[in-house]
Amino acid sequence: MTKREAVIVGVADLPLKDGKVLAPMSVLQAQALVARDALKDAGIAMHEVDGLLTAGMWGVPGPGQLPTVTLSEYLGITPRFVDGTNIGGSAFEAHVAHAATAIEAGRCEVALITYGSLQKSEMSRNLAGRPAVLTMQYETPWGMPTPVGGYAMAAKRHMHEYGTTSENLAEIAVATRKWAALNPAATMREPLSIEDVLQSTMISDPLHLLDICLVTDGGGALVMTTAEHAKALGCKPVFVRGYGESHTHWTIAAMPDLARLTSAEVAGREAFAMAGIRHDAIDVVEVYDSFTITVLLTLEALGFCKRGEGGAFVANQRIAPGGVFPLNTNGGGLSYAHPGMYGIFLLIEAVRQLRGECGPRQIQDAVTALVHGTGGTLSSGATCILSTR
């Protein structure tokens with residue numbers, strides 16, 4: 001029996017202006033638009049979609065939320081494989097893994113992964129109101145800002161244990177802005193210096209305003225199918241070579257180690273083992289940057305540097321354009337866009353890099369990319385390793 005290989009064949013994201021959608025629309029419309037464009041990119045018709053995966057903070061509130069059911073009705077499709085897994089910003093890396101296993105097992109032929117959010121237009125971002133359940137009862141009643149307060153605690157602990165500095169974190173924000181300057185679609189493209197970051201408003205010590213991701217609208221979609229189908233379509237496939245996922249806690253009070261991102265360690269280890277490659281085989285890296293500390297912790301957890309050495313690793317603009325470690329090449333959640341759950345945009349940028357479609361920010365001869373999403377308050381992690389061969 002010939003092995004069915006899962007590949008990504010289409011991607012799309014929603015154009016924005018000043019962080020908002022170009023015209024009034026619903027979250028369902030946003031997802032329909034990017035679904036249409038991703039399918040067009042792949043050369044596949046909507047009626048061929050028989051796998052649907054989505055997640056987001058939308059739809060009917062509470063446990064009755066049925067996102068895949070709602071979206072499939074809106075799109076007019078009848079999928080035979082669905083997945084509404086929501087583990088925060090890493091959900092879409094997990095969706096790629098789940099779609100890959102479904103495609104390889106013959107449970108669907110064409111999988112569509114979507115996300116949409118209008119949080120900026122609707123001014124709807126409000127995670128401070130999380131119910132006081134489980135260990136959240138130790139956080140919500142006392143007014144700790146969520147989620148920034150939890151990330152600030154992790155940053156403070158990392159500084160205490162390893163001597164990490166605010167300047168180290170600022171290096172990440174500055175490098176990401178340099179990538180954004182090369183991306184016409186990025187929300188923030190103005191020059192940024194380390195001093196600018198350090199002088200920006202302190203939001204939750206030690207995190208300044210410019211250590212924190214944007215608040216924007218956004219929508220993204222990916223289309224996956226078999227390598228055989230991709231060949232028939234005549235498109236350039238991006239293979240899913242390895243993946244892993246994990247989560248450790250819901251609230252920061254329950255995080256096993258504030259200075260260690262265990263979920264990323266587990267997910268990354270699984271992905272590298274499945275792909276059968278080493279770190280030096282990765283040409284471009286896209287990791288979740290909800291906050292600058294998220295990047296630092298993730299690089300350490302994935303094994304690109306040792307624990308406590310993240311600050312030195314990103315020093316001297318090593319991760320900026322022209323540096324030896326290309327990271328978050330579209331401008332990331334810090335400067336490109338951040339609609340609330342950013343993980344799908346990491347995947348879209350990685351696919352475009354591997355297909356050579358990124359213009360002045362293109363990484364020359366990129367063959368292999370690592371993508372890692374983070375969800376919750378450093379709660380979940382999911383890693384995908386993608387390759388053109």
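Helices H1 and H2 cross in the right-handed sense. The model is predicted, and all values below are computed from it. H1 covers residues 27-42 and H2 covers residues 67-75; their axes lie 10 Å apart and make an angle of about 65 degrees. H1 also packs on an open sheet of nine strands. A search of the whole structure finds 13 salt bridges, and three of these pairs are described below, together with two individual residues.

**Helix H1 and its partners**

- On the H1 side, the contact with H2 is made by Leu28, Gln29, Gln31 and Ala32.
- On the H2 side, the residues in the contact are Thr70, Leu71, Tyr74 and Leu75.
- By class, the residues of this contact divide into five nonpolar and three polar, with no charged residue.
- In its packing on the sheet, H1 touches four strands: E1, E4 (51-54), E6 (111-117) and E9 (218-226).
- The direction of H1 makes about 125 degrees with that of E1.

**The nine-strand sheet**

- The strand order is E5-E4-E6-E9-E1-E10-E13-E12-E11, and the pairing is mixed.
- E5 (81-83) and E11 are the edge strands, each pairing on one side only.
- With direction ignored, neighbouring strands of this sheet are turned against each other by 20 degrees on average.
- An antiparallel pairing joins E10 to E13 (residues 380-387) over eight bridges.
- In that pairing, Gly242 stands opposite Ile385 of E13.
- A parallel pairing joins E11 to E12 (residues 368-375) over four bridges.
- Within E12, Val371 is the residue that stands opposite Glu286.

**Edge strand E11**

- E11 spans residues 284-287, and both of its faces are covered.
- Val284 and Glu286 lie on one side of E11, and both are buried.
- Val285 and Val287 lie on the other side of E11 and are buried as well.
- E11 is thus an edge strand by its pairing, on one side only, while its two faces are covered.

**Salt bridge Asp13-Arg352**

- Asp13 and Arg352 form a salt bridge in which the closest N and O atoms are 3.2 Å apart.
- Asp13 belongs to strand E1 (residues 6-13) and Arg352 to helix H13 (residues 343-354).
- The two residues are 339 residues apart, and the pair links distant parts of the chain.
- Both Asp13 and Arg352 are buried.

**Salt bridge Asp257-Arg307**

- The side chains of Asp257 and Arg307 meet in a salt bridge at 3.3 Å, N to O.
- Asp257 lies in the loop between strand E10 (238-247) and helix H9 (262-275), and Arg307 in the loop between helix H10 (292-301) and helix H11 (310-313), so the pair ties together parts that are 50 residues apart in sequence.
- Asp257 counts as partly exposed because its relative accessibility is 22%, and buried means under 20%.
- Arg307 also counts as partly exposed, at 36% relative accessibility.

**Salt-bridge network of Asp41, Arg355 and Glu357**

- Asp41, Arg355 and Glu357 are linked in a network of salt bridges.
- For the pair Arg355 and Glu357, the closest N and O atoms are 3.0 Å apart.
- Arg355 has a relative accessible area of 14% and is therefore buried.
- Glu357 has a relative accessible area of 43% and is partly exposed.

**Leu299 in helix H10**

- Leu299 lies in helix H10.
- Its relative accessible area is 0%, so Leu299 is buried.
- Leaving aside neighbours within four places in sequence, Leu299 is in contact with Phe304, Cys305, Phe313, Val314, Phe325 and Leu327.
- Leu299 and Asp289 are ten residues apart along the chain, and their C-alpha atoms are separated by 11 Å.

**Glu122 in helix H4**

- Glu122 lies in helix H4, which covers residues 119-122.
- At 47% relative accessibility, Glu122 counts as partly exposed, because exposed means over 50%.
- Glu122 and Met224 are 31 Å apart in space, C-alpha to C-alpha, and 102 residues apart in sequence.

Note on methods:
Residues numbered from 1 in each chain as written. Predicted model: local features only at pLDDT ≥ 70, side-chain atom pairs only at ≥ 80, totals over all residues. Heavy atoms only, no water. Buried < 20%, exposed > 50% of the residue type's maximum accessible area, 1.4 Å probe, protein only. Pairing = 2+ DSSP bridges. Axes fitted to C-alpha atoms, helices over the stretch in contact; angles between N-to-C directions. Left-handed = near helix turned anticlockwise from the far one by under 90°. Contact = heavy atoms within 4.5 Å. Nonpolar A, V, L, I, M, F, W, Y, C, P; charged D, E, K, R; others polar. Salt bridge = Lys/Arg side-chain N within 4 Å of Asp/Glu carboxyl O.
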